Structure formats: structure tokens, C-alpha cells
Amino acid sequence: MLRQLGDSWEKYGSGLQTFHGQTGNIMFIGCTTDDTQHFFDEINGYGWDLGGAGPCVRTAMSCVGASRCEMSNCNEHGIHRHLVNNFTDDVHRPALPYKFKFKVSGCPNDCQNAIERADMAIIGTWRDDMKVDQEEVKNYINAKGENGRQYYIDNVTSRCPTNALSLNDDNTLNVDNRNCVRCMHCLNVMPKALHPGDDKGVTILVGGKRTLKIGDLMGTVVIPFKKLETEDDYEELIELAEEMIDFWAENGLEHERTGEMIERIGLVNYLEGIGLEVDPNMVSNPRQCSYIRMDGWDEEAEKWFERKAEANA
Amino acid sequence: MSDNKPRSPIESGCPDGFQYIHPVMRKNYGAWKFHEHPQPGVLRHVGYSGDEIWTVRCGTQRILDIFTLRELCDIGDEFADGYIHFTIRSNVEYMVSDPAKVQPLIEAITAKGYIVGGTKNSVAMLSHTQGWLHCDIPGTDASGVVKSMMDELIDEFRNCNMPNRVHITTSCCQINCGGQGDIAINIQHTKPPKINHDLVSNVCERPSVVARCPVAAIRPAMVNGKPSLEVDEKKCICCGACFPPCPPMQINDAEHSKLAVWVGGNHSNARSKPTFQKLVAAGIPNNPPRWPEATAIVKNILSAYKNDAKDWERINDWIERIGWPRFFEVTNLPFTKYHIDNWRGARNSLNASTHIRF
């Protein structure tokens with residue numbers, strides 16, 4: 001397949017191709033204007049498509065994920081294709097305020113850098129207890145000889161960002177799953193012993209971007225957890241992406257990324273615009289500034305209690 | 001020019017990647033059990049079924065000529081199983097299911113001059129973009145800088161001696177298409193653009209350019225009797241954002257476009273929340289063809305990190321632990337007024353505590 005592409009490019013272009021662009025494209029660089037159409041026609045015939053430059057939906061990226069990695073929590077490639085192919089028109093016809101990128105990583109290690117390089121970042125995670133193979137934990141400790149316990153205390157349990165780990169006297173690992181934030185550090189160090197749980201899904205963040213114009217932004221959590229198993233689940237994901245792109249297309253200024261728009265209008269207004277309810281997982285902490293008009297308090301609090309009641313029903 | 005109707009494009013979108021995945025990986029999709037790292041550049045993944053897949057990773061120059069591409073394919077067909085993966089940092093990975101193929105594959109790759117490595121706690125391939133090869137904007141090269149630096153860092157690519165992985169990136173203009181990393185080497189312009197007023201009205205859509213400026217420093221003006229643009233140089237931050245939509249606003253300067261080095265970018269959630277990279281050095285000469293000054297600074301930072309960081313600490317974790325003042329001490333880099341973020345939104349970067357190390 002690569003040879004086929006290379007042969008066609010040798011015919012019409014410079015013979016230089018990039019594997020790959022920062023947003024996952026194969027880039028064929030250097031061709032005369034007349035030959036561009038011929039080249040495209042030929043590779044289009046092989047099953048390849050153009051797109052992803054300019055103020056459009058860009059091509060997406062997904063990590064190796066489930067095809068090789070034991071930490072995968074979702075069908076990364078499947079999600080990637082579902083999303084991007086729903087927007088083929090927007091990929092081909094740049095008509096948006098600026099660029100919009102999807103990136104999918106199978107776990108919070110985020111090998112695709114989705115949290116900072118995607119307008120919509122889909123990151124795999126799990127909701128239930130992590131899986132611990134205590135025999136393998138002991139094997140790791142024993143393999144380090146007499147300093148084994150100390151090593152795993154210094155480099156694993158004491159590095160947990162929420163102090164959710166402790167090592168028992170018999171070298172079994174204690175995990176406070178309710179306070180585990182799925183940072184992946186302990187799983188990274190002991191991949192044979194520790195694995196994601198079975199109740200897998202994704203966390204979705206919005207608004208990541210690189211520097212121009214207002215500086216770099218990280219994405220913000222808007223969906224703490226979503227299952228992606230059934231067709232309906234995927235339908236909902238696509239609908240959410242459509243809401244996000246439609247709202248931004250209508251309200252974004254020229255050359256304004258989604259994250260920049262959120263900076264300008266505020267997260268609360270953005271959530272209203274795309275039809276999402278507020279969630280404490282969207283903030284690191286509640287507001288610190290008291291200068292806000294809150295005469296709608298009772299209504300808003302009622303919404304929270306209603307949602308809780310529905311969820312428990 | 002043909003007389004026939006133009007061919008209608010087939011808008012097929014993203015192709016199905018599953019057809020290109022190694023059969024063993026496809027068979028065990030979502031059912032992998034654990035992985036090992038037997039040697040630098042080599043990964044071994046084992047599935048719940050007992051199947052294994054070995055991955056050999058080697059560096060490429062990212063922008064491949066047709067001969068290199070064919071050579072990589074030939075190696076893949078003859079010594080591997082014909083399946084290949086280009087990583088996010090433009091390394092190439094060959095996947096084989098038979099462990100007996102691994103050593104001959106490594107030998108074949110190495111014999112052709114490619115270098116196996118870039119896994120786990122190594123200095124991975126420098127991530128970069130087009131630079132002077134294929135972009136109209138940049139103030140410096142991408143591939144050239146990467147080649148020069150990788151030549152000096154190659155032992156850290158082919159071995160795993162670092163406390164944790166090191167992701168280095170370059171950006172050749174201040175739009176920063178190269179993502180952030182543990183260490184980033186980016187252009188930093190230090191003077192406002194030099195405007196060719198005679199060309200502006202012929203080439204530029206002036207309202208777009210005015211809107212593009214992050215600090216609203218550009219306004220339309222009549223200059224030499226022609227409609228043009230002028231820059232309020234007291235406001236100008238010399239970012240060069242006006243240059244792409246208006247090439248007569250030349251931002252690139254052989255002397256005044258310098259390089260800056262940033263450290264501590266980390267997208268992973270492991271151990272701490274993701275962090276942005278921070279400025280550590282600037283005023284570095286943009287000095288092709290080998291950029292020795294920038295390379296020396298990068299090596300200096302890596303050396304300090306390697307000597308002092310604990311296992312599993314990325315550069316941002318290391319600096320969190322030792323503190324920024326000590327970072328400037330051990331690297332001997334100057335701390336200046338430019339290091340302090342000087343606008344009201346930057347309050348959270350100021351030290352509102354007495355947490356000081358002595």
C-alpha cells in the first residue's frame with residue numbers, strides 16, 4: 001500500500017512524503033498545480049481521501065490502543081473513524097471559524113496528547129476498581145532483591161497523587177479505588193500486575209489548543225464518563241460533536257478556536273449552548289470570587305436535585 | 001486541459017485502518033494482557049490468548065524520500081511480517097509475531113543505517129514539522145535542527161538511560177505547530193515586522209490581518225500614498241502572526257529571530273495533572289546549519305535531569321520536586337525579568353507562599 005502511494009507520488013510529485021503530519025495525515029509535499037488533480041484522482045481510486053487543512057474539521061488521531069496495548073479502555077480507532085467520517089463534508093469544505101481537531105487516547109497516559117492538542121479529546125478510562133494481580137505485585141518486589149519493598153514504596157505508592165496506594169507487610173498492594181484518579185502511574189510501573197477495571201468508557205474534554213492567538217490551553221472536562229459500547233452510545237457521541245461544532249460555527253469569531261471562544265464567553269454559557277448540565281468534575285475547585293449575581297440559586301439547586309433523583313430512580 | 005467532464009471525487013473519508021493492522025493484533029484486539037521491554041527499541045506484548053506480538057522501533061527522518069520509503073517497505077517485507085506503524089513522533093515500528101524474527105530484523109534495520117531505539121525511558125525522536133522544506137512561514141528549519149540535535153543525542157535514543165521518557169519538540173515559528181514537550185526549542189522573534197508598504201495592498205486582505213494580531217497592534221494606514229498597515233511597536237509582541245496572512249510584513253530576521261528553550265511540558269496524567277512548558281532560555285542564536293548553541297543548552301538540561309531526577313520523574317515532576325530556583329542553579333541559565341509572566345491573568349504562576357528551599 002505504501003509502495004503504491006509512493007509510486008503514484010513519484011509520477012506526479014517530488015517523491016517526498018511525510019509520515020506523518022501533526023494531525024495524523026500522510027503529507028505529500030511538492031507538486032505542480034496541474035499535477036495535483038491527477039495525483040489525487042489516482043490515490044482516490046486506491047481508497048484514500050483528501051482533507052484536513054485550513055479552517056475545517058481536521059483529520060483525527062488515535063493511539064495504537066486496543067490493537068496492542070493492555071491499558072486500552074475503548075475502541076480508539078473505531079471512535080476516531082466514527083467521528084471523522086461523520087464530518088467528511090466539513091473535512092473537505094473549510095467553512096468553519098478555524099480548525100477543529102478530534103483526538104482519541106485509550107487511557108489517561110494520553111499518548112496522542114489529546115488533552116492539549118484537540119478541541120474534542122476522548123480519553124479512555126474505567127469506573128470500577130482497578131484489577132490487581134497480587135502475585136505479580138510480589139514478583140515485581142522480589143525481582144528488585146532486598147531493596148524491592150523500598151523501591152516500590154519510593155516510586156509507586158508514595159507517588160500516587162491522591163495517596164490511594166499502600167503496601168501491606170506481606171507485599172500485597174492496597175488500593176483505595178474511590179480515591180484513585182486513574183493517573184496511570186502505578187499501572188505504568190507494574191503493567192503485569194495492575195490493569196484497568198472492566199467498566200470501561202471515556203472522559204471527554206473540550207477546548208485544547210496550541211499557541212495562536214491567546215496562548216496554549218488544556219481541554220476542560222465536559223463529560224466525566226461515557227460508555228461507548230452500543231450503537232446508541234456512539235450516536236450520542238456523534239450528536240455531542242455535532243452540537244459542539246454547530247455552536248462554535250455559529251458563535252466563534254474568525255480564526256477563533258473552540259477553547260478561545262470558551263475563554264471569551266465562559267464555560268457556563270458554552271455548556272448551555274451545547275446542552276450539557278454542569279458537573280463538579282468540570283472544575284478543579286469552585287469559584288473563589290464572590291462577585292456574581294446569584295438570584296437564580298433556588299432554581300439551579302433544584303436542577304441538581306432533580307438530576308440526582310432521576311439518576312437514582 | 002482535458003475536454004472531458006472532471007472526475008467526481010469519491011468522498012470516502014478516513015479509510016478503515018483494521019485492514020492494515022497485523023493479523024495477530026487484529027485477532028487480539030482489546031485482549032492484550034501485559035507488555036515487556038526486553039531491550040531498547042523492542043516491545044513484547046502478550047495477549048490473554050497467549051499470542052505475542054513483538055515491536056521493533058527505529059527512527060526515521062519523518063519527511064521521507066521515495067527511496068527511503070521503499071527501503072523501509074523492503075525491510076518490512078523481507079524481515080518482518082509486512083506490517084508497519086508510524087508513531088506520533090514519526091518513528092517506524094515493525095510488528096512481528098515470531099520472536100525468532102526479532103534479531104534478524106534489528107540487524108537488517110541497523111545494516112541499512114536506521115537506528116533502533118526511542119522506547120521507554122529514552123530520548124525519543126524529536127517531534128517537528130515542515131520548516132524550510134515546505135512552509136512559507138518559518139524563521140528556522142525543522143528537519144535541520146532535529147538532525148543536528150539527534151546527532152548529538154543519538155546515544156540517548158538508542159539506550160534507555162533517562163529517568164523517564166524525554167519528549168523533545170521543535171517549532172520553527174511562533175504559531176507553534178510542533179506540540180509542546182519536556183524540552184522544546186522554538187523560534188522567538190525579538191523585533192516587530194519590517195513592512196514592505198508598496199506590496200501590502202496588492203497582497204493582503206487588510207481587515208483579516210488587523211484581526212489576526214493577538215494584541216491589536218495593527219491598524220490600516222496610508223503609507224507612501226498607498227493603503228497599507230502600520231504596527232504600534234510599543235504593543236507589538238513580535239509573534240509574527242501577521243506574517244502568514246500578509247507576507248509583506250516580514251517577521252523573520254537573520255539576526256533578531258532567536259531561539260528559545262522551554263521545559264516541563266507533559267500531557268500525561270500520570271503522577272500529576274498535565275502541565276504546560278515554561279520558558280527557561282532565550283536569546284539563543286538561530287545558527288544553521290548545526291545550531292550548536294541551542295544543542296549545547298539542550299544537552300546541558302538533559303545532563304542535569306539525568307543526574308538528579310528520580311526514576312519515573314518526567315522533567316516537570318523533577319522540577320516540581322527541586323523547585324525552579326534550583327533548576328536555574330544546576331543548569332547555569334540566567335533568570336531574567338522576561339521569565340516572569342507580566343499580565344494579570346498570570347497570578348497563579350506567582351509564588352504566594354513562603355515555600356523556599358535553601
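Biologist: What makes β1 and β2 of chain A count as a pair?

Modeller: The rule is that DSSP must find at least two bridges between two strands. β1(A) and β2(A) share 5 bridges, in the antiparallel sense, so the rule is met. A strand here is a DSSP run of E with at least two residues, a helix a run of H or I with at least four, and both are numbered from the N terminus. This is a predicted model: local features need pLDDT of at least 70, side-chain atom pairs count only at pLDDT 80 or more, and totals for chains, interfaces and linings use all residues. Residues are numbered from 1 along each chain as its sequence is written, while chains are lettered from A and ligands numbered from 1 in the order in which they are written.

Biologist: Which residues of β2(A) stand opposite A:Q17 and A:F19?

Modeller: A:Q17 faces A:F28. A:F19 faces A:I26. The two strands form a hairpin with 6 residues between them. In its turn, A:G24 has a positive phi of about 90°.

Biologist: How do you know that β1(A) also pairs with β4(B)?

Modeller: Count again. There are 3 bridges between β1(A), residues 13-19, and β4(B), so the pairing holds. The sense is antiparallel. A:T18 has B:I63 as its bridge partner, and A:L16 has B:D65.

Biologist: Why are β2 of chain A and β4 of chain B at the edges?

Modeller: The open sheet has 3 strands, in the order β2(A)-β1(A)-β4(B). β2(A) and β4(B) each have a single partner strand, so one side of each lacks a neighbour in the sheet. Neighbouring strands are turned by 30° against each other on average, direction ignored.

Biologist: What makes two residues a contact where chain A meets chain B?

Modeller: Their C-beta atoms, placed from the backbone, must lie within 7 Å. Chain B gives 55 residues and chain A gives 62. On the chain B side, elements including β1 (32-39), β4 (63-65) and α2 (66-79) each supply at least two residues. That side has 27 nonpolar, 18 polar and 10 charged residues. Nonpolar means Ala, Val, Leu, Ile, Met, Phe, Trp, Tyr, Cys and Pro; charged means Asp, Glu, Lys and Arg; the others, Gly among them, are polar.

Biologist: Why is α1(A) called parallel or antiparallel to α2(A)?

Modeller: Look at the angle. The axes of α1(A), residues 2-12, and α2(A), residues 33-46, come within 10 Å and cross at roughly 165°. Axes are lines fitted to C-alpha atoms, for helices over the stretch in contact, and angles between N-to-C directions run from 0 to 180 degrees. Under 35 degrees is roughly parallel, over 145 roughly antiparallel, 65 to 115 roughly perpendicular, and the rest oblique. So α1(A) is roughly antiparallel to α2(A).

Biologist: Which residues of α1(A) meet α2(A)?

Modeller: A:Q4, A:L5, A:S8, A:W9 and A:Y12 do, and among their partners are A:H38 and A:F39. The contact has 6 nonpolar, 3 polar and 2 charged residues.

Biologist: What makes β3 and β11 of chain A edge strands?

Modeller: Each pairs on one side only. Their open sheet runs β3-β4-β5-β10-β11, with mixed pairing. β3(A) and β4(A) run parallel, joined by 2 bridges. There A:S62 stands opposite A:V104.
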